[in-house]
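Me: Hi! I would like a close look at one part of this model, and I will show it here before asking.

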Amino acid sequence: MIEIKKLTKKFDETIALNDMNCKIYDGSITGLTGSNGSGKSTLLRTLSGVYAPDGGEIIIDDELAFDNPSIKEQCFFISDFPYFYNDSTLRKMADLYRGLYSTWDEEYFQKLCSLFPIGNDKKIINMSKGMQRQASLILAFSTRPKYLFLDEIFDGLDPVIRKTLKSLLIQEVTDNNMTCIIASHNLREIDDICDNIILLHAGNVIAKDDTDTIKNRIHKIQLAFTTMPEGDIFDGLDVRILNHLGNYYSVMIKGNEKEIMDKLNALNPAFIELLPATLEEVFINEMEGIGYGK
Amino acid sequence: MENKKTLSNKQKAIYHFEWTLRKYRPVFIAYCILMFMVFPLVELCLLMLSAKRNSGYRLFFYKERLSTYGEGIFLHAAATPIVAFIFSTVFSLLCFSYLHNKRLTDLYGSLPLNRKTLFLSRYFSAATMSIVPILVNGIIGALLTFDTNTMPNLLMTTIKISVATLGNVSFIAFISVCCGLTIDTIVSTILLNAMYPLFYTITIVFPSFVLPGFSYYNLHANLFTLFCPAGAPYTGIFSSIDGEDFFDKSFFFIAWWCIISIIVVALATILCKKRKAEAAQSGFAFPVVEIIIKFFTCFTGGLAFGYFVVFVFEEILSFGLGLRSKYFFLVSGFAAGIMIINFLTHLIFHKGIENFRSSLKECGVVFIFGISFIVIVCTGFFGYDAYVPNADDVQSVSFSEECEHFYLNGRDILPVEYSDRDSINAIINVHNQIAHNATSTKYLGFYNFTDFDPSLYNCDTDYFYYPLTLKYHLKNGKNVKRIYTTNYGDVDSSAFIDALLERDLNALKTIPKDNITTINVIKSDVPILRYYATTPEFVDYSNNTEELKDLIDEVIKDCNDTSKLIYEPSKKVYELNINYEDSQYNSYYVSIPISFSYSNTMKKIEYLKTLNTTNDIDD
């Protein structure tokens, strides 16, 4: 389990992570999303031991994670722009990890090499962005990590490889109880694969819950009236109007589904429909709710 | 999933070390080849040429050349350090580049190694790749000489280059930890290697222009490159190559570079643990390197600029400059120089003028240090200028070591070590007069720093000048050395000369004739009569060598009316030089200008000359 306690990270005057607290349980896939500069990549770098915390601590499996080789050996981090030397091939990079991770699985490495069609002895630097990410993934899975940290991993991957990746992640989580944290702006992919979501803004956790709960915290409702009721029809509701045309409304309302629907039905709408909110709509609503992007 | 046994930190470090060696193998092979071509290959070719011609003489000649510090060693000493410096810098920059590139930092920072282990494994990789080819080629080269006399020297040269190269790797490791950019690491390495020797030079040369008794002769080659690994092999090898203490000096050289390497790497390791990964590609992680380099650069550049300003104004102002004006221009130029150099280094290191204002504090520190330095030096360095040891504290004293004759006010002061009280008192008397003359040139407590005149005290010949060196060995074991390179006015050395003449006459009276090693009678620099006790086969100017010893009796007879030797150098006809030893085999030397006042001696010389007709000595 990963425990983040009062974690603070500063870059000069800028606070990238502000007194952050959260727990990530084993065998889960957590999606890390948020506004630009919200601290997603910083959090992953701090988790993987690249950055030292300026305050607070990260505890993995009851041990302080920073500069702890035995903990780092259970983790693997793929950054948003993985580095490869000019002469690096998959085989040469595997040579680096093979001696540093006792969990290195040569058989699995060979299997993954055939699964991802990129070639063992080709220079990685000459490959496309997507293929470079595939190379990183092969290396990452071959170390059989207990904790896998992926930063914008879906960037540049074609739909087939994305599907393969998702299957692999699910298989690792199911079979080996792997824990994965994926930082991404691609909310559809996060929605697809993640059990939990952490929503960040300006170094703070805005929301953290399982995906369904997050999505159920907000409701997209379409309603129309033959005669408009008197006064403020959404009085007492945490509402954001998406569309208003005559007597027609499309709104996002935060709160308990039953209470909202009871209140709106009491207005005798001619038409009312509750639509499932997408993660993107939830994200936008949450962000606009705190004044971001306005 | 069942994990295998976790790898220990040491196992990972060794694996990473080996992986780094494999990673840079192509560069390493290129380095090995180049290194082999630089030194042993040329030697090998010479050897094969000798063998092909089947000439034992040529092989002997080749070995002779090597054993007398010839071309083999010279090539090793001159070319190997350059190649070693370039490649060790390249290896170090490659190995520590993970500190300067954000993406590389992500890669290495997330590896299951702690920071210290990662840094040290990279350090040892760089050091191994840099040093192993030097050692291997050095040993091969030494073995190829087939000469047991040359081998130790070649091996010592190899070790010196190796430890200086280790120093270079260590310095770059430290600089790399402190810098956020590779370009800053390169610039800092170049500036440190260039500016420290200049800093050392100016801190010695400036006082030698000002401070009586202090000379740039105090410049010490090994101190010159104390923090300059690029130049260290050269000073380490060439400053000690012709001395008997070659191996003694080598010990200190090797010890220094080993110790400084350990200290620098230990500091770098401590800093590395505290270093923030986000410092990569963003200026300095720790400002210590910038501060050190700015200090050396600003002080050196500022003082040189200050001196230049004084020189320019002295030249362009027809009425010249008073001492106060000179100091005004020196201090103003110094301040301006510091600002200019600081601005330039700030531009280089910060790629702009951001935070320039905060760097002014550093300028202030350099300015205060520089002004303190100027004031301390120009006012006499806490009495250094006026200090003359107390006669009772002096065990012995010697004059200039560089020449056989030393002239003070036209009189020859023999460069021997004096331990008798009269001579010590007389020399201290002379020294007191020089110190007094020197300190009396002060104006408002300050010395003039532009009137450097190295032409007072001459030695051996009229055109070959040496500074007047006084070296005291005190009874408490300490040494005091003063080197006067400037004319501070006449001194009365008659007391010293008198003491010297009295001592010499007493010595002549008591010396057993068997202890005389050489006697020379010279006229206008041409030997007329000679006696060599140890090499009689070269005695070709006298048929009666034993009779030459009687000249001493004649000299004593001539001086009978006085307690000291008659001293009339301006009326000299002959010069009688006598070397002798005491019972402890200590050598002494007496030189007596024989004038017509030495009537008995003159007669004897003329008589001895008549016995030499068969040798065609032309007087």
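How many Å apart do the C-alpha centres of domain 1 of chain A and domain 2 of chain A lie? Please also walk me through where these two domains touch.

Reply: Happy to! This is a predicted model, in which local features need pLDDT of at least 70, side-chain atom pairs count only at pLDDT 80 or more, and totals for chains, interfaces and linings use all residues. Residues are numbered from 1 along each chain as its sequence is written, while chains are lettered from A and ligands numbered from 1 in the order in which they are written.

The C-alpha centres of domain 1 and domain 2 of chain A lie 38 Å apart. Domain 1 covers 2-213 and domain 2 covers 217-289 of chain A, with bounds that come from an automatic or database domain assignment. Ten residues of domain 1 and six residues of domain 2 of chain A take part in their contact, where two residues are in contact if their C-beta atoms, placed from the backbone, lie within 7 Å.

On the domain 1 side, α7 (187-193), β9 (196-201) and β10 (204-210) of chain A each give two or more residues. Of the elements there, α7(A) gives the most, with three residues. Helices (H or I, at least four residues) and strands (E, at least two) are DSSP runs, numbered from the N terminus.

By class, that side of domain 1 of chain A has five nonpolar, four polar and one charged residues. Here Ala, Val, Leu, Ile, Met, Phe, Trp, Tyr, Cys and Pro count as nonpolar, Asp, Glu, Lys and Arg as charged, and the others, Gly among them, as polar.

For the complex, the predictor gives an ipTM of 0.90 and a pTM of 0.83.
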